[in-house]
Amino acid sequence: MAFKDKVYSLVKKIPRGKTKSYSEIAKLAGRPKAWRLVGSILNKNKNPNVPCHRIIRSDGFLAGYNKGLRKKERLLKKEGVKIEKGRVVH
DNA sequence: CGTATGACGTGCA
DNA sequence: GTGCACGCCATAC
């Protein structure tokens, strides 16, 4: 299983209304120092089965989204995650 | 097969 | 407190 596939699986397992940071995903995928790839991979791969909108920066700020940050923010809010100025409110 | 890249993260000036 | 620069590693071309 390639690293990217593992990332996808993990992202798919993220429960609704929750967010995960890139480093967390990379860590669970087996490459704690490959968080950079997580974002890179998700960006290149537009898989609708993967809720990539739940992936945010470790700071809590929203990073990017293949469908547009605007949509990502709205989706998270819809799922129960509160966003403020592009940042996830903990 | 080799090079360049990228939705990040952290440290240091 | 803010800004800049480096590091890190699999994927794509």
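**Salt bridges, DNA contacts and pockets**

Helix α4 holds both E73 and K77, which sit four residues apart, or about one turn of the helix. These two residues form a salt bridge, and their closest N and O atoms are 3.6 Å apart. The model looked at here is a predicted one. E73 counts as buried, since its relative accessibility of 18% falls under the 20% cut-off. K77, in contrast, has a relative accessibility of 44% and counts as partly exposed.

Searching the whole structure turns up two salt bridges. Besides the pair within α4, there is one between R54 and E79, with 2.9 Å between the closest N and O atoms. R54 belongs to the loop between α3 and β2 (55-56), while E79 is part of helix α4 (residues 69-79), so this pair ties together parts that lie 25 residues apart in sequence. Both partners are tucked away: R54 is buried at 9% relative accessibility, and E79 is buried too, with a relative accessible area of 16%.

The loop that carries R54 is also the place of N45. At 25% relative accessibility, N45 is partly exposed. N45 and Y8 are 37 residues apart in sequence, yet their C-alpha atoms are 9.8 Å apart in space.

Next comes the DNA, starting with strand B. There are 15 residues around DNA strand B, and those that come nearest are W35, R36, L37, N43 and G64. Of the strand B atoms that come within 4 Å of the protein, 47% are accounted for by sugar and phosphate. Helix α3 gives the largest share of the surface near DNA strand B, namely seven residues. Sorted by class, that surface has six nonpolar, six polar and three charged residues.

Several contacts to the bases of strand B involve the protein backbone. For N43, a backbone N or O atom lies 2.7 Å from a base nitrogen of DNA strand B. G64 likewise places a backbone N or O atom 2.7 Å from a base nitrogen of this strand. In the case of L42, the distance from a backbone N or O atom to a base nitrogen of DNA strand B is 3.3 Å.

What about the other strand? DNA strand C is surrounded by A2, F3, K4, R31, K33, W35, R36, L37 and K44. Of its atoms within 4 Å of the protein, 46% belong to sugar or phosphate, and the rest belong to bases. Here again α3 provides the largest share of the surface, with four residues. Helices α1 (3-12) and α3 each supply at least two residues of the surface near strand C. By class, this surface has four nonpolar residues, five charged ones and no polar ones.

Two arginines reach strand C through their side chains. R36 has a polar side-chain atom 2.4 Å from a base oxygen of DNA strand C. R31 instead meets the backbone of the DNA, with a polar side-chain atom 3.2 Å from a phosphate oxygen of strand C.

That leaves the pockets. Rolling a probe the size of a water molecule over the atoms shows where empty space is left. The largest pocket has a volume of about 330 Å³. Its lining counts 17 residues, and the closest to the pocket centre are Y22, G39, I55, A63 and G64. Two elements give two or more residues to this lining, α2 (22-29) and α3 (35-44). The largest share, five residues, comes from α3. By class, the lining of the largest pocket divides into seven nonpolar, seven polar and three charged residues. G64 thus turns up in two settings, as one of the residues closest to the centre of this pocket and as one of those that come nearest to DNA strand B.

The second largest pocket has a volume of about 250 Å³. Its lining is made of 14 residues, with T19, I56, V88, V89 and H90 nearest its centre. Strands β1 (20-21) and β4 (87-88) each supply at least two residues of that lining. The class split here is four nonpolar, five polar and five charged residues.

Definitions and conventions
Residues are numbered from 1 along each chain as its sequence is written. Chains are lettered from A and ligands numbered from 1 in the order in which they are written. This is a predicted model: local features need pLDDT of at least 70, side-chain atom pairs count only at pLDDT 80 or more; totals for chains, interfaces and linings use all residues. Side-chain values use heavy atoms; hydrogens and water are left out. On a 1 Å grid over the protein atoms alone, a cavity is a set of points where a 1.4 Å probe fits but cannot get out, and a pocket is an open set with protein on both sides within 12 Å along at least five of seven lines; lining residues have an atom within 4 Å of a point. Grid points are joined across faces, edges and corners, and a volume is the space filled by probe spheres set on the points. Ala, Val, Leu, Ile, Met, Phe, Trp, Tyr, Cys and Pro count as nonpolar, Asp, Glu, Lys and Arg as charged, and the others, Gly among them, as polar. A residue is near a molecule or strand if one of its heavy atoms lies within 4 Å of it. A polar contact is a pair of N or O atoms within 3.5 Å; within protein, one must be able to donate a hydrogen and the other to accept it, and residues adjacent in sequence count only if both atoms are side-chain atoms. A salt bridge is a side-chain nitrogen of Lys or Arg within 4 Å of a carboxyl oxygen of Asp or Glu. Buried means under 20% relative accessible area, exposed over 50%, partly exposed in between (1.4 Å probe, protein chains only).
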